[in-house]
Amino acid sequence: MSDLYRPVFHFTPPSMWMNDPNGLVYFDGEYHLFYQHHPHSTIWGPMHWGHAVSRDLVHWEHLPIALSPDDNGMIFSGSAVVDVHNTAGFGANAMVAIFTHHAEQKESQSLAYSTDRGRTWTKYAGNPVIPHQPHLKDFRDPKVFWYSDHWVMALAAKDKVLFFSSPNLKDWQLTGEFGNGFGSTEGVWETPDLFELTVESTAETRWALTVGVGDGAPAGGSGTQYFIGHFDGKTFTSENPKETILWMDYGADFYAPQSWNDEPHGRRILLGWMSNWQYARDVPAQEWRGAFNLLREVSLRKTKAGIRLAQQPTAETRVLRREAYHWYEQWVSPSKKLLQDLQADAVEVIAVVDIARSSGMFGFQFRKGTEEQTTVKCNLQTGTLLLDRTRSGQSHFAKGFAAMHSAKLSLELDTLYLHIFVDRSSVEVFAEDGLVCLSDLIHPSAESLQLECFAEDGSIHIRSLSVYPLGREK
């Protein structure tokens, strides 16, 4: 079972439990990826920081555990920076991890540092650098970055994000807060991230604040919302009303995303945990449990509704393509289907559909077998995108797992662009050039490998369709 669902191209731990990505930072030719890890069980427990590095964002080298629990508590989520100017006194270009210590409902913020390219870590003797706040049970997940002439920390606290400033990573001063009824507040706020982006096709910039929400997401359970606005080095302000709720993903399985500090090409690349707290502890597992979503490059785009976050698979994923199948100017109808001769357990599909010449419902079936299938379909009349995993395979482990998840499409253009990635245990859909995303886990049988492109209640004109079976070099 463990190998049956082990992804072909998504990141997983070598063994045991994994959840949130932590400490994403680039240094000296390597992308560092840390993660919440329980090295002794496939069920969540005393948290450590697992560690891996990559030079190409495709192939990962697993390294020894970086941080382990101590007298201050477990090692919860956080971030990492390269202290170029030696502000903390650990050494020029020291890597510094900033993380939450968690012990018996008490949460504080602490440091660890490395002067050997992240291979070994020393905890700061003065931990914690921000002590537990007696009035706050939830006080965690610091995201730290350099702003102008000081360090900034964004920290989740119940239903808001607190902002701190420091000259040296050790001494922190509260400078502002954001929340107070903005966005979704049904669940506790976690794992904030904050970054500035240029708005596409303009000279304008905005700041995006992403926040994990423990409950109340569109597909139920945990999910990730975001806010668009301004940051002045002290606090964040949203340019949208309080009641505006913006979701990064409308599927069930995209949580706690974090972006890389110091990405060398100037991109904002982030990574999410591909699971949901409603059932994360119960998904089928023997030797390992937990995977990350595809790496996504994010941008800001002006739409009729306002400035929105767009997400695209990173260009590096193209090296996974093993073959290429292309179709052009094809009609699909209830009596004419496509792709029925193809089989794959991991595949990428890119479809460009002519909306003006199409009507009805169309879509794709993946990992299809005698009794199983996962369906991605679009209703062009209602502008609804659906990801249906009601018959996707194993689902008995959690009530409500076998469900259909949906998102609204604007259909403002003449064409609909769909970009879909299927792995052995997941489906990720990027629609309308990444303005709408849907990510879901699935657990199909090994023999369920068929593909199909179909139409219902009308005919669909496909301008182009590309299918790439995916693999990874050993």
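Thr317 touches Leu294 and Phe421, not counting residues up to four places away in sequence. In this predicted model, Thr317 sits in the loop between strand E22 and strand E23 (325-332). Its relative accessible area is 9%, so Thr317 is classed as buried, the limit being under 20%. The points below cover further loop residues, the nonpolar cores, the largest pocket and the backbone geometry.

**Loop residues and their contacts**

- Ser448 belongs to the loop that runs between strand E31 (436-441) and strand E32 (450-456).
- With a relative accessible area of 4%, Ser448 is buried, because buried residues are those under 20%.
- A polar contact of 2.7 Å links the side chain of Ser448 to the side chain of Glu372.
- Glu372 also appears among the contacts of Ser448 beyond four places in sequence, together with Arg367, Lys368 and Gly369.
- Arg281 is placed in the loop between strand E19 (269-273) and strand E20 (288-289).
- Arg281 has a relative accessibility of 37% and therefore counts as partly exposed, a class that lies between the 20% and 50% limits.
- Once neighbours within four places in sequence are set aside, Arg281 is in contact with Trp17, Trp44 and Arg289.
- Arg281 and Thr42 are 239 residues apart along the chain, yet their C-alpha atoms are separated by 7.9 Å.

**Nonpolar cores**

- The largest nonpolar core comprises 38 residues, and Phe362, Phe364, Leu385 and Leu416 are those with the most contacts inside it.
- Apart from the largest core lies another core, of 21 residues, which includes Met18, Ala52, Trp60 and Tyr255.
- Phe362 is in contact with Val353, Val376, Lys377, Cys378, Leu380, Leu416, Leu418, Phe454, Ala455 and Ile460, leaving aside its neighbours within four places in sequence.
- Leu416 is thus one of the contacts of Phe362 and is also listed among the residues with the most contacts inside the largest core.

**Largest pocket**

- Rolling a probe the size of a water molecule over the atoms reveals where empty space remains.
- The largest pocket holds about 560 Å³ of space.
- Its lining consists of 24 residues, and Thr303, Ser410, Glu432, Leu435 and Val436 lie nearest the centre of the pocket.
- At least two lining residues come from each of strand E17 (246-247), strand E21 (296-303), strand E22 (306-313) and strand E29 (415-423).
- By class, the lining of the largest pocket is made up of 13 nonpolar, 8 charged and 3 polar residues.

**Backbone geometry**

- Most residues other than glycine have a negative phi, and most peptide bonds are trans.
- The peptide bond that joins Asn127 and Pro128 is cis, with omega at about -5°.
- Pro128 is located in the loop between strand E8 (122-123) and strand E9 (140-147).
- Ser148 is not a glycine, but its phi is positive, at about 60°.
- The loop between strand E9 and strand E10 (150-157) contains Ser148.
- Ser148 counts as exposed because its relative accessibility of 62% is over 50%.
- Asp262, likewise not a glycine, has a positive phi of about 65°.
- Asp262 occupies a place in the loop between strand E18 (255-259) and strand E19.
- The relative accessible area of Asp262 is 45%, and this residue is therefore partly exposed, falling between the 20% and 50% limits.

Methods
Residues numbered from 1 in each chain as written. Predicted model: local features only at pLDDT ≥ 70, side-chain atom pairs only at ≥ 80, totals over all residues. Heavy atoms only, no water. Helix = DSSP H or I, 4+ residues; strand = E, 2+ residues; numbered from the N terminus. Buried < 20%, exposed > 50% of the residue type's maximum accessible area, 1.4 Å probe, protein only. Polar contact = N/O pair within 3.5 Å; in protein donor to acceptor, adjacent residues only side chain to side chain. Contact = heavy atoms within 4.5 Å. Core = buried A, V, L, I, M, F, W, Y, C linked by side-chain atoms within 4.5 Å. 1 Å grid on protein atoms, 1.4 Å probe; cavity = no way out; pocket = protein on both sides within 12 Å on 5 of 7 lines; lining within 4 Å. Points joined across faces, edges and corners; volume = space filled by probe spheres on them. Nonpolar A, V, L, I, M, F, W, Y, C, P; charged D, E, K, R; others polar.
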